[in-house]
Amino acid sequence: MTSRSKTVYIKDGETFTDSVRGELRDKLSRRYKIVHLAEDVGVDKFQMYRFMHGQEVTGKFYDKVFKYLMK
């Protein structure tokens, strides 16, 4: 089993959720939209849309997103 680590730098007044949302937003473009990101992460597109617009999501969602960001 291989271990990996990731350092997350959070600015004053920023939350972990804001940091993750920012990393995901950086991956979006005119051609690579939320729907494509949701497919790559392995979550429902509606869940990804809710997260990107500041609404609550489940812990399983965070697990999948974090695993995707570790790639």
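Helices (H or I, at least four residues) and strands (E, at least two) are DSSP runs, numbered from the N terminus. This is a predicted model, in which local features need pLDDT of at least 70, side-chain atom pairs count only at pLDDT 80 or more, and totals for chains, interfaces and linings use all residues. Residues are numbered from 1 along each chain as its sequence is written, and side-chain values use heavy atoms, with hydrogens and water left out.

**Stop 1: Lys67**

Select Lys67, which sits in helix α4. Buried means under 20% relative accessible area, exposed over 50%, and partly exposed in between (1.4 Å probe, protein chains only). With a relative accessibility of 64%, Lys67 counts as exposed. Now add Val41, 26 residues away along the chain: the C-alpha atoms of Lys67 and Val41 are separated by 8.2 Å.

**Stop 2: the two faces of α4**

Keep α4 on screen and colour Phe61, Val65, Tyr68 and Leu69, which are buried. Why are they on the same side of α4? They cover an arc of only 95° around the axis (the arc of the directions from the helix axis to the C-beta atoms), and this puts them on the same side of the helix. Turn to the face of α4 that points away from the buried side, and there are the exposed residues Lys60, Asp63 and Lys67. Contact, here and below, means heavy atoms within 4.5 Å. The buried residues of α4 pack against α1, α2 and α3.

**Stop 3: the nonpolar core**

A nonpolar core is a set of buried Ala, Val, Leu, Ile, Met, Phe, Trp, Tyr and Cys residues joined through side-chain atoms within 4.5 Å. How many residues does the largest nonpolar core have? It has 15, and those with the most contacts inside it are Leu24, Val41, Met48, Phe51, Phe61 and Val65. The elements giving two or more residues to this core are α1 (16–27), α2 (34–41), α3 (45–52) and α4 (59–69). Centre the view on Val65: not counting residues up to four places away in sequence, Val65 touches Val20, Leu24 and Val41.

**Stop 4: helix α2**

Select α2 and mark Ile34, Leu37, Ala38 and Val41, which are buried. These residues cover an arc of only 100° around the axis, which puts them on the same side of α2. The buried residues of α2 pack against α1, α3 and α4.

Val35 is also in helix α2. Its relative accessible area is 38%, so Val35 is partly exposed. Measure from Val35 to Lys64, 29 residues apart along the chain, and the viewer should show 15 Å between the C-alpha atoms. Just after α2 comes Gly42, with a positive phi of about 95°.

**Stop 5: where α2 meets α4**

Two packed helices are described by the angle between their axes and the distance between the axes. Show α2 and α4 together: they pack at an angle of about 90°, with their axes 9 Å apart. Axes are lines fitted to C-alpha atoms, for helices over the stretch in contact, and angles run from 0 to 180 degrees between N-to-C directions. The angle makes α2 roughly perpendicular to α4 (under 35 degrees counts as roughly parallel, over 145 as roughly antiparallel, 65 to 115 as roughly perpendicular and the rest as oblique).

Which residues make the contact? Select Leu37, Asp40 and Val41 of α2 with Lys64, Val65 and Tyr68 of α4. By class, this contact has 4 nonpolar, no polar and 2 charged residues. Ala, Val, Leu, Ile, Met, Phe, Trp, Tyr, Cys and Pro count as nonpolar, Asp, Glu, Lys and Arg as charged, and the others, Gly among them, as polar.

**Stop 6: Ser19 and Val8**

Go to Ser19, in helix α1. Is Ser19 buried or exposed? At 10% relative accessibility, Ser19 counts as buried. Leaving aside neighbours within four places in sequence, Ser19 is in contact with Val8, Tyr9, Ile10 and Glu14.

End at Val8, in the segment before α1. Val8 counts as partly exposed, at 27% relative accessibility. With neighbours within four places in sequence left aside, Val8 is in contact with Phe16 and Ser19.
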